[in-house]
Amino acid sequence: MASLLIGPATVCTFGDRPRVLPDAGVAIEDGVIRDVGPYAKLSKSYRSHTAIRTRNSVILPGLICAHHHFYSTFARGLAPAKTPRNFVEVLKYMWWRLDRNLTLEDVYYSALIPLIECIKSGTTTVIDHHASAHAVRGSLGKIADAARVAGVRVNLCYEVSDRDGPAIAAEGIAENSEFLSLVSNPQSAISAGGGSASGGRNPKFLTASFGLHASFTLSDRTLREVSRRLESLDAGVHVHVAEDLADRKDALKKYRTGVVQRLAGLDLLRDKTILAHCIYITPAERRLIARKNCMVAHNPTSNMNNAVGTADLLGLTRDGVLVGLGTDGMRSSMLDEAKFAAFPHRMALRDPAAAFCETADLLVKGNPAIASRLFGSRLGVIEKGAAADLIRLDYHPPTPFTDETFYGHLLFGLANARVRDTMVGGRFLMRDGKLQIGVSEEEAAAAARVLAAKFRRRFAVDRRPGR
Ligand SMILES: [Zn+2]
């Protein structure tokens, strides 16, 4: 793989102490960042590196999505089977009906389309949560195939649920277990180094978690089996937690405890566990998440879309919980998600100054920490030794652009700027606005439309009783 020197540009590092470095360069070797600093100095130190000139640009680390659902692609333009009156009906009339009508081929294209959108919007690592109840076995392999074609890093899981009966729950458990074993086995064809840009020190392209739908569709028996399987695996669960009050009420009624406490009692709160949403949890549960060192994915625009409420983000961060930003299948652009992330908190608190830094922190600090923990290497930051996952944007700051003003430029300027280049592991996936991968966007969309038309006919006539 070519050694590169990229710059000069304004480089924003992200990470715990985000910096804005004017006239900076990034030296890359073997898919990893070798050096970051003043371009004039780097151009003398790295004379043999291939120079990629980027004057008048801003370079950010590749962005990370902490909670996505690639399978939501075929929902575009699809009306629910009946008008939902609450969140559980949104699931019944839309999402559960959608996921049980997907075929394995649908799963592949449902992933490939948003993965292309990720490249175009600068998202280079995605933590996905998948469901396809009548195409469970092999589904994670299909998504991994799509991710390999796209060149994007992914953490994958299948959402185990009892809602479609015990046989499908067992298939979900088997799919997660088998996929986790495959991903961790370096000899396997689907192994963690299996990215198209793999090699040398380049960090993993593929990792996995054990997926669970949500407490209210999971029996103790199923969760105990998942807990048993996890004993021998270096993985956590990825699960929706108290996204709606219905989930908390169900846990209180059936198990006389909150959702987080229930998961803790079954030994599912591990340091690689991702809890999505966490809206209806108590302060004691927040502190329990912090003590167990789990991660939380906050999904503000999805929560607004489903009218389920607002997580206590300020409480979570105050208690020391590692929180990141997800899109919950709403979109693949993290800059789009970030620019609206503060608004629900301001509305809920009736405070026009609330949650500005805390929501920007999710993207800049939280997501890199989450991805780095799941992938075992530094992702989502521009520093020596981190993965060479970079994006370049056209952006001409009209006001001083410094460490102090960075978040204002990020959310109100860069979030509306065009991503020109996307690089993962030192390889361009998009250069000057043109995709550099093995498929064209037009052909992928045309293939998806053919499948989506058949899918919509199955969705329309589905009479299977969902939960
Ligand atoms: Zn979700």
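In the predicted model, the buried residues of helix H2 pack against helix H16 (441-461). These buried positions are Leu91, Trp96, Arg97, Leu98 and Asp99. Helix H2 itself spans residues 87-99 and is not straight, bending by about 30° at Tyr93.

A second helical contact is formed by helix H3 (residues 104-121) and helix H4 (residues 139-150), whose axes come within 8 Å and cross at roughly 35°. The crossing of H3 and H4 is right-handed. On the H3 side, the contact involves Leu104, Val107, Tyr108, Ala111, Leu112, Leu115, Ile116 and Ile119. The spacing of such positions can be related to helical geometry. An α-helix has 3.6 residues a turn, so residues three or four places apart point the same way. On the H4 side, the residues met by H3 are Ser139, Lys142, Ile143, Asp145, Ala146, Ala147, Val149 and Ala150. By residue class, the contact of H3 with H4 comprises 13 nonpolar residues, one polar residue and two charged residues.

Parallel pairing is found in two open sheets of the model. In general, strands of a sheet pair through backbone hydrogen bonds, in either a parallel or an antiparallel arrangement. One of the sheets consists of four strands in the order S6-S7-S8-S9, with parallel pairing. Its edges are occupied by strand S6 (63-68) and strand S9 (206-208); each has a single partner strand, so one side of each is left without a neighbour in the sheet. Neighbouring strands of this four-stranded sheet are turned by 15° against each other on average, direction ignored. Edge strand S6 pairs with strand S7 (residues 123-128) in the parallel sense over four bridges, and within this pair His68 stands opposite Asp128 in S7.

Helices lie across this four-stranded sheet. Helix H14 (residues 356-375) lies across S6, S7, S8 and S9, and runs at about 75° to S6. Helix H5 (residues 166-184) lies across strand S8 (153-156) and S9, with a direction at about 140° to S9.

The other open sheet contains five strands, arranged in the order S10-S11-S12-S13-S14 and paired in parallel. Strand S10 (210-214) and strand S14 (322-325) form the edges of this sheet; because each has a single partner strand, one side of each is left without a neighbour in the sheet. The twist from one strand to the next averages 25°. Within the five-stranded sheet, strand S12 (residues 274-277) and strand S13 (residues 295-298) pair in the parallel sense over three bridges. Leu275 stands opposite Val296 in S13.

Local backbone geometry was also examined. The peptide bond from Gly7 to Pro8 is cis, with omega near -10°, and Pro8 is placed in strand S1 (residues 4-12). Asp30, although not a glycine, has a positive phi of about 50°. This residue is located in the loop between strand S2 (20-29) and strand S3 (32-38). Asp30 has 15 C-beta neighbours inside 10 Å and therefore counts as partly exposed. A positive phi is also found at Asp267, where the angle is about 60° although the residue is not a glycine. Asp267 belongs to the loop between helix H8 (259-265) and S12. With 15 other C-beta atoms within 10 Å, Asp267 is partly exposed.

Methods:
Residues numbered from 1 in each chain as written. Predicted model: local features only at pLDDT ≥ 70, side-chain atom pairs only at ≥ 80, totals over all residues. Pairing = 2+ DSSP bridges. Axes fitted to C-alpha atoms, helices over the stretch in contact; angles between N-to-C directions. Left-handed = near helix turned anticlockwise from the far one by under 90°. Contact = placed C-beta atoms within 7 Å. Nonpolar A, V, L, I, M, F, W, Y, C, P; charged D, E, K, R; others polar. Buried ≥ 20, exposed ≤ 12 C-beta atoms within 10 Å, placed from the backbone. Bend = angle between axes of the 7 residues up to and from the residue.
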